[in-house]
Amino acid sequence: MTDDKIELRSEKVRTIIGEIPSRVVRYGIIVITIVISGLLAAAYFIPYPETIDAKIMIKNETQGTIAIPYKYINTVRKGMTVSIELEGFDRQRYGMTKGSIVSIRRRPKRTTEGNVFIGEVRINDSKYKIISGMTGSATFSQTMAVYCNRLWGTQ
């Protein structure tokens, strides 16, 4: 066999490896590191509202029933503020109707979408006429969570 000595690093490669990066490259790496560190710090410290969406059916001008998803029953409390958007009245044009949870039944009800708990909502503020039988969606704030905790599964 012939003596196959392959030189892995030529003279050009050794000079490139041996050079110190220019100022632009060094400062670019520093800036990128600072930006990524700042984003991670913001994600750790800045809270955001976590909301729950539910369906609502209006009983009369001042009351409605809300179907609270099964998994949120331990976080929903009496007195929580509810923002209601009824079908036919979009929030951009008419705004949101405000209400509060008066009571929550502790027995689940079976629906086609799964088990839900029924809550009674008192409507406090409406900018339009509410009629019995109207349906819509209700949103209420569950907690103020920190994004990093949500990612890593800690609360």
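K59 is a convenient place to enter this predicted model: with a relative accessible area of 38%, the residue is partly exposed. Its side chain forms a salt bridge with E120, and the closest N and O atoms of the two are 3.0 Å apart. K59 belongs to strand β1 (residues 47-60) and E120 to strand β6, so this pair ties together parts of the chain that are 61 residues apart in sequence. Is E120 buried or exposed? At a relative accessible area of 11%, E120 falls below the 20% cut-off and therefore counts as buried.

E120 has a further partner in R105, again with 3.0 Å between the closest N and O atoms. This second pair also links distant parts of the chain, with R105 in the loop between β4 and β5, E120 in strand β6, and their positions 15 residues apart in sequence. R105 is partly exposed, at 46% relative accessibility. Taken together, K59, R105 and E120 are linked in a network of salt bridges. In this network the carboxylate residue E120 is buried, whereas K59 and R105 are each partly exposed.

The count of salt bridges in the model comes to 3. Besides the two made by E120, there is one in which the side chains of K129 and E61 meet, at 3.4 Å from N to O. K129 lies in the loop between β6 and β7 (135-146) and E61 in the loop between β1 and β2, so the pair ties together parts that are 68 residues apart in sequence. K129 is exposed, with 57% relative accessibility, and E61 is exposed too, with a relative accessible area of 51%.

It helps to set these pairs against the overall fold. The protein chain has 4 helices and 7 strands, and along the sequence these follow the pattern α-α-β-β-β-α-β-β-β-β-α. Residues 24 or more positions apart account for 69% of the contacts in the chain with a separation of 6 or more. Of the 155 residues, 26% count as buried. The accessible surface comes to about 11600 Å², and carbon and sulfur atoms contribute 58% of that area.

Strand β6, the home of E120, also pairs with several other strands. Which strand pairs with β6 over 7 bridges? That partner is strand β2 (residues 63-69), which meets β6 (residues 114-125) in the antiparallel sense; here P69 stands opposite V116. Strand β4 (residues 97-104) also pairs with β6 in the antiparallel sense, over 6 bridges, and in this pairing I101 stands opposite V121. Strand β5 (residues 109-111) runs antiparallel to β6 as well and is joined to it by 3 bridges. Within that pairing, the bridge partner of K109 is V116, the residue of β6 that also stands opposite P69. The turn linking β5 and β6 is easy to find in the structure, as the two strands form a hairpin with 2 residues between them. In a regular strand the side chains alternate between the two faces of the sheet.

Strand β4 also contains T97. This residue counts as buried because its relative accessibility is 1%. What surrounds T97, leaving aside its neighbours within four places in sequence? Its contacts include V82, S83 and I84, which come before T97 in the numbering, and I123, D125, S126, Y128 and I130, which come after it. Of these contacts, I123 and D125 fall within the span of β6, residues 114-125, the strand with which β4 pairs.

A contrasting environment is found on the helical part of the model. Y27, I30 and I34 form a nonpolar patch on the surface, and their accessible area together is about 330 Å². I34 lies in helix α2 (residues 23-45). With a relative accessible area of 57%, I34 is above the 50% cut-off and so counts as exposed. The two settings make a handy pair to look up in the structure: T97 in strand β4 is buried, while I34 in helix α2 is exposed.

Conventions:
Residues numbered from 1 in each chain as written. Predicted model: local features only at pLDDT ≥ 70, side-chain atom pairs only at ≥ 80, totals over all residues. Heavy atoms only, no water. Buried < 20%, exposed > 50% of the residue type's maximum accessible area, 1.4 Å probe, protein only. Contact = heavy atoms within 4.5 Å. Areas by Shrake-Rupley, 256 points an atom, 1.4 Å probe, with all protein chains shown as cover. Patch = residues over 30% accessible without salt bridge, like charges linked within 9 Å, V, L, I, M, F, W, Y side chains within 5 Å. Salt bridge = Lys/Arg side-chain N within 4 Å of Asp/Glu carboxyl O. Pairing = 2+ DSSP bridges.
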